[in-house]
Amino acid sequence: MSKELYLLISKSKKGNQKAQIKLYDLFCEAMFFIACRYLKNEEEAKDAMQDAFLKAFLNLESYKKDNSFGAWLKKIVINTCIDILKKKN
């Protein structure tokens, strides 16, 4: 993990909104594409991505720096999409 990313995560854990926005900006495009693949609808994918980032920021304490932040976030996005798909059915 780069020093910059580690610093952003550390600041985000402390509630620093600027750091959270930078983290969002770094990962939003990739997470949006993942959500689109699951939901097949851009508006639903945007909503799912927003929900996933909110969950991630609220649960940053559970993130372990041994793992890739992107992989941790991707798991949250996928689980959020699966929850949406379950609610539809």
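## Packing of H3 against H4

In this predicted model, helices H3 and H4 (helices being DSSP runs of H or I of at least four residues, numbered from the N terminus) pack at an angle of about 125°, with their axes 9 Å apart. H3 and H4 are therefore oblique to each other, a term for angles that are not under 35 degrees (roughly parallel), over 145 (roughly antiparallel) or 65 to 115 (roughly perpendicular). The axes are lines fitted to C-alpha atoms over the stretch in contact, and the angles run from 0 to 180 degrees between N-to-C directions.

The contact, meaning heavy atoms within 4.5 Å, involves residues of H3 including Ala 48, Ala 52 and Phe 53, and residues of H4 including Trp 72, Leu 73 and Ile 76. By class, the residues of the contact of H3 with H4 comprise 10 nonpolar, 1 polar and 5 charged.

## The largest nonpolar core

Such a core is a set of buried Ala, Val, Leu, Ile, Met, Phe, Trp, Tyr and Cys residues joined through side-chain atoms within 4.5 Å, where buried means under 20% relative accessible area, exposed over 50% and partly exposed in between, with a 1.4 Å probe and protein chains only. Among its 29 residues, Leu 23, Phe 27, Met 31, Phe 53 and Phe 69 touch the most other members. Helices H1 (3-13), H2 (17-39), H3 (42-58) and H4 (69-88) each supply at least two residues, and H2 gives the most, with 10.

## Asp 47

Asp 47, found in helix H3, counts as partly exposed because its relative accessibility is 49%.

## Basis of the values

Residues are numbered from 1 along each chain as its sequence is written, and side-chain values use heavy atoms, with hydrogens and water left out. Local features need pLDDT of at least 70 and side-chain atom pairs count only at pLDDT 80 or more, whereas totals for chains, interfaces and linings use all residues.

Methods:
Nonpolar A, V, L, I, M, F, W, Y, C, P; charged D, E, K, R; others polar.
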